[in-house]
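Please look over the model shown here. The report takes its sheets first, then helix contacts, then single bonds and residues.

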Amino acid sequence: MSVLTRDEAQTRAQLIDVQRYEIDLDLTRGADTFDSTTVIGFTTRTAGDTFVEVRPAALRSVTLDGQPLDPAALDDNRLPLTGLAPGPHELRVEAAMAYSHTGEGMHRFTDPADGETYVYTQLFMEDVQRVFAAFDQPDLKAVFDLTVTAPDGWTVLANSVTEHLGEGKWQAATTPLLSTYLVAVAVGPWHSLRTEHRGLPFGLHCRRSLAPYLDADAEEILDITRACYDRYHEKFEEPYPFDSYDQAFVPEFNAGAMENPGLVTFRDEFVHRSAVTDTERQTRAMVIAHEMAHMWFGDLVTLQWWDDIWLNESFAEYMGYQTLTEATRFKDTWVDFGVSRKAWGYDADQRPSTHPVAPDAEAVPDTASALLNFDGISYAKGASALRQLVAWLGEKDFLAGINTHFRRHKFANATLADFIASLAHHTDRDVHAWADTWLRTTGVDTLTATVTEHPGRAELTLTRDGSRPHRITVGVYDRDLIDGATLVRRELSSLDIPDNPVDGEHRLPGPRPALVVPNDQDLTYAKIRLDPHSEETALRGLSRVPDPLTRAVLWNCLRDMVRDGELEPLAYLEAARAHLPGERELANVQGVLAFARTQVADRYTTPAERPDALALLTDLCADLIRRTEDGSNPGLRLTAVRTLVDSAAHADTIRDWYDSGSVPGGPELDPELRWRILGRLCVLGAVDDAVIEAELTQDPSATGQEGAARCRAALPDPDAKRAAWDAMFTTDELSNYLFTATAQGFWQPEQSDLLHPYVARYFPDAVAVAHRRGPAVADAAGRWAFPAHAVDTHTLALGESCLEDDDPIPALRRKLADQLDDLARALKIRTATAAY
């Protein structure tokens with residue numbers, strides 16, 4: 001497929017204006033294709049040539065100003081429009097379009113639980129061309145009129161309020177000006193809950209088989225939605241800009257959610273079928289807040305070109321966490337951000353594929369390169385930079401600048417320069433210089449603490465490896481005089497580290513403290529290194545630090561030290577064993593256990609050390625389970641049960657749980673826990689396919705199908721591995737979710753001998769399937785199907801050869817480059833550990 005370049009987009013935007021789209025979709029034409037008719041009204045400023053994008057199964061007819069064009073002129077996804085005279089034009093395109101099963105374009109899904117079918121769009125970046133013809137770039141906004149013909153009993157949801165006209169025909173109200181990638185429809189026999197808030201229609205929608213679970217959580221979801229809506233109206237002078245607000249939980253969705261104006265689509269795992277922790281409920285609430293923020297950041301004001309995706313994602317990320325903290329019961333959201341989300345940014349920023357939060361336009365020359373930047377940098381690092389900006393600028397001036405930005409560019413497009421100009425209008429601070437140092441550079445600064453004792457006082461010096469200015473808070477802690485173990489904060493003070501080589505210095509009144517924590521409240525984006533005395537205090541007393549956000553900063557410090565080869569992986573596990581039983585913030589427990597289980601145990605410890613790592617984790621989780629027998633902390637208990645299952649080296653205990661249907665003392669095994677335990681039993685070779693089939697009979701849902709695929713791929717059986725491999729890389733029949741589930745089950749460190757021949761096969765097979773099936777499957781193949789357990793120089797050499805010789809598509813190339821860098825880091829950590 002021809003990707004759109006920035007130069008082509010600029011040329012087209014100089015030539016034409018687009019006024020309107022009239023789109024008619026007929027979804028009654030069968031299971032393979034649907035009919036799409038598009039009428040585009042546009043104006044050319046001067047005489048010239050351009051093109052419109054469309055990717056049909058069959059292009060039936062094209063007319064321009066009533067004159068037919070030859071459908072055979074379609075070149076890949078581009079239909080040339082030549083000899084355009086200045087003035088208004090009307091283009092009509094009639095086509096049959098193919099349904100997708102990879103979450104791109106018009107995705108079609110049949111629910112195995114009840115046989116009902118649902119379709120929905122995901123048109124992000126350049127997938128609108130799979131649904132209707134379009135001048136597909138974000139700065140050619142237009143109004144949209146949409147009609148849809150759907151089977152009887154189906155409901156049509158769209159960006160605006162829809163009306164059923166009879167005989168399966170639905171019409172959506174005319175939209176305001178939108179970018180093409182933000183158009184959305186979701187069609188099927190939805191289970192819908194409707195209400196109003198401040199006169200605006202609100203709706204929640206899911207497939208019918210999930211109705212009881214949505215009903216159970218509907219009030220919580222609506223409460224969050226209302227609270228965020230009200231808080232954004234307190235922050236923003238521009239009112240909510242669309243005529244309704246629907247939230248549709250859709251199957252097999254590739255992202256967490258998508259900010260379609262008036263119709264946000266979420267992955268329907270957020271409709272919880274099984275027990276979840278309160279931190280997981282908080283995550284769902286954050287995504288709700290994030291997507292609603294996009295109604296302003298991204299939808300009302302849209303980036304001009306894809307180099308400015310941070311104007312969408314960083315702002316929505318920051319606003320999601322901050323607004324949730326301010327307006328809902330979730331008051332410690334920045335803890336979860338710090339211990340999990342922020343780590344995503346740190347990791348991405350230390351790979352060769354790193355890029356600035358706001359790269360130069362030349363660094364994003366086309367849509368294929370732009371797609372690669374939806375990562376931990378554009379989300380987590382960008383949100384961290386904005387949090388630092390608020391600390392440095394002040395929230396009053398920050399919000400004033402945002403509101404000026406909305407006012408100047410509403411229903412239009414904007415750039416980084418536009419945003420900085422809006423901020424500069426409200427402050428004397430040099431926000432242009434701030435943007436240059438924070439948004440135009442790459443990498444993570446490191447702040448290293450040194451504490452020097454003097455008579456009656458101490459002095460902190462922070463040495464910066466990097467170049468950014470930082471406004472941080474420094475926490476100073478003493479041991480409690482009564483118990484000698486609890487740490488008590490002596491002071492929390494601000495410290496500015498300028499953008500020149502001068503180190504940050506801070507006088508500490510009184511005697512040398514037990515612990516000094518730079519960046520105590522996690523206001524900046526930087527790795528920290530403690531002074532030796534504070535490091536020892538943290539390793540021995542981390543759970544005695546009073547503030548959960550401070551503990552998140554310290555856990556991140558230890559995590560970074562492991563990744564940089566400065567702390568033995570097993571020492572991190574010992575710290576977890578010592579302090580997680582005393583940790584009161586569940587987000588910290590979940591973040592630490594996730595890193596310990598998936599990175600430390602599976603990648604950073606050698607095969608000889610791994611049994612000890614798993615034993616330590618199972619002992620820790622067994623301790624947490626014992627401590628929660630009184631029902632006092634069900635979230636902590638559930639987290640411990642999950643991690644114990646995933647870490648079990650022997651089948652006996654978890655097989656007893658599975659057979660009895662319960663963990664002694666609770667919880668009862670719901671579908672998620674049953675499939676989790678069965679998956680681990682499959683890895684250990686303790687069950688066979690007959691048990692998987694019996695479980696699938698009990699739970700024939702979509703998640704049951706995914707669980708069965710994951711379990712079958714995990715069996716330590718040559719035939720099972722061969723079948724899983726063929727399903728992923730040969731037949732091309734797996735949907736995006738079933739591909740991911742199969743990949744998750746396939747590679748298991750316990751089965752390295754059996755899997756060895758597949759390591760070499762992976763690279764050419766992944767390249768081939770990515771070329772055939774496109775970016776979504778490429779992403780899954782690079783993320784989930786990569787042999788991450790094979791931490792050795794042979795795998796590294798195979799991967800480097802693939803990048804040099806096999807020409808993977810950009811989406812796969814980026815994933816492989818990141819995976820290989822992580823593999824090289826794991827090798828270095830193992831080498832460093834051997835040297836201790």
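## A strand pair at the sheet edge

In β13, K169 is the bridge partner of G166. The model is a predicted one. Strand β13 covers residues 169-172, and four bridges join β12 to β13. The two strands run antiparallel.

## The eight-stranded sheet

Both strands belong to an open sheet of eight strands. Its order is β5-β4-β7-β2-β1-β10-β13-β12. The pairing is mixed. Which strands form the edges? They are β5 (67-69) and β12 (162-166), and each pairs on one side only. From one strand to the next, the twist averages 20 degrees.

A helix packs on this part of the model. Helix α1 (residues 6-15) lies across β1 (16-26) and β2 (33-44). The angle between α1 and β1 is about 100 degrees.

## The four-stranded sheet

An open sheet of four strands follows the order β8-β9-β14-β11. Here the pairing is antiparallel. The edges are β8 and β11 (155-158), each paired on one side only. On average, neighbouring strands of this sheet are turned by 10 degrees against each other, direction ignored.

Inside the order sits the pair of β9 and β14 (residues 185-188). Two bridges hold the pairing, in the antiparallel sense. In β14, V187 is the bridge partner of V119.

## Helices α8 and α9

How do the axes of α8 and α9 cross, and within what distance do they come? Helix α8 spans residues 395-409 and helix α9 spans residues 416-424. Their axes come within 7 Å and cross at roughly 130 degrees. An angle over 145 degrees would count as roughly antiparallel, and 65 to 115 as roughly perpendicular. The two helices are therefore oblique to each other. The crossing of α8 past α9 is right-handed.

On the α8 side, the contact residues are D397, F398, G401, I402, T404, H405, R408 and H409. They meet D418, F419, A421, S422 and L423 in α9. By class, the residues of this contact are five nonpolar, five polar and three charged.

## Helices α21 and α22

Helix α21 (residues 718-729) and helix α22 (residues 736-746) form another crossing. Their axes come within 10 Å and cross at roughly 145 degrees. Here α21 passes α22 in a left-handed crossing.

From α21, the contact uses K721, A724, W725, M728 and F729. From α22, it uses F739, T742, A743, G745 and F746. The contact of α21 with α22 counts seven nonpolar, two polar and one charged residues.

## Salt bridges

How many salt bridges does the structure hold? The count is 71. One pair is E116 with R208, whose side chains meet at 3.3 Å, N to O.

Why does this pair tie together parts that are 92 residues apart in sequence? E116 lies in the loop between β8 (105-110) and β9 (117-122). R208 lies in the loop between β16 (200-206) and α2 (211-235), so the salt bridge links these two loops.

## Backbone details in two loops

Two loops deserve a check of the backbone. A cis peptide bond joins G666 and P667, with omega of about 5 degrees. P667 lies in the loop between α17 (652-660) and α18 (671-683).

The other case is D522, a residue other than glycine. Its phi is positive, near 60 degrees. D522 is found in the loop between β27 (515-517) and β28 (526-529).

How values were computed: Residues numbered from 1 in each chain as written. Predicted model: local features only at pLDDT ≥ 70, side-chain atom pairs only at ≥ 80, totals over all residues. Heavy atoms only, no water. Pairing = 2+ DSSP bridges. Axes fitted to C-alpha atoms, helices over the stretch in contact; angles between N-to-C directions. Contact = heavy atoms within 4.5 Å. Parallel < 35°, antiparallel > 145°, perpendicular 65-115°, else oblique. Left-handed = near helix turned anticlockwise from the far one by under 90°. Nonpolar A, V, L, I, M, F, W, Y, C, P; charged D, E, K, R; others polar. Salt bridge = Lys/Arg side-chain N within 4 Å of Asp/Glu carboxyl O.
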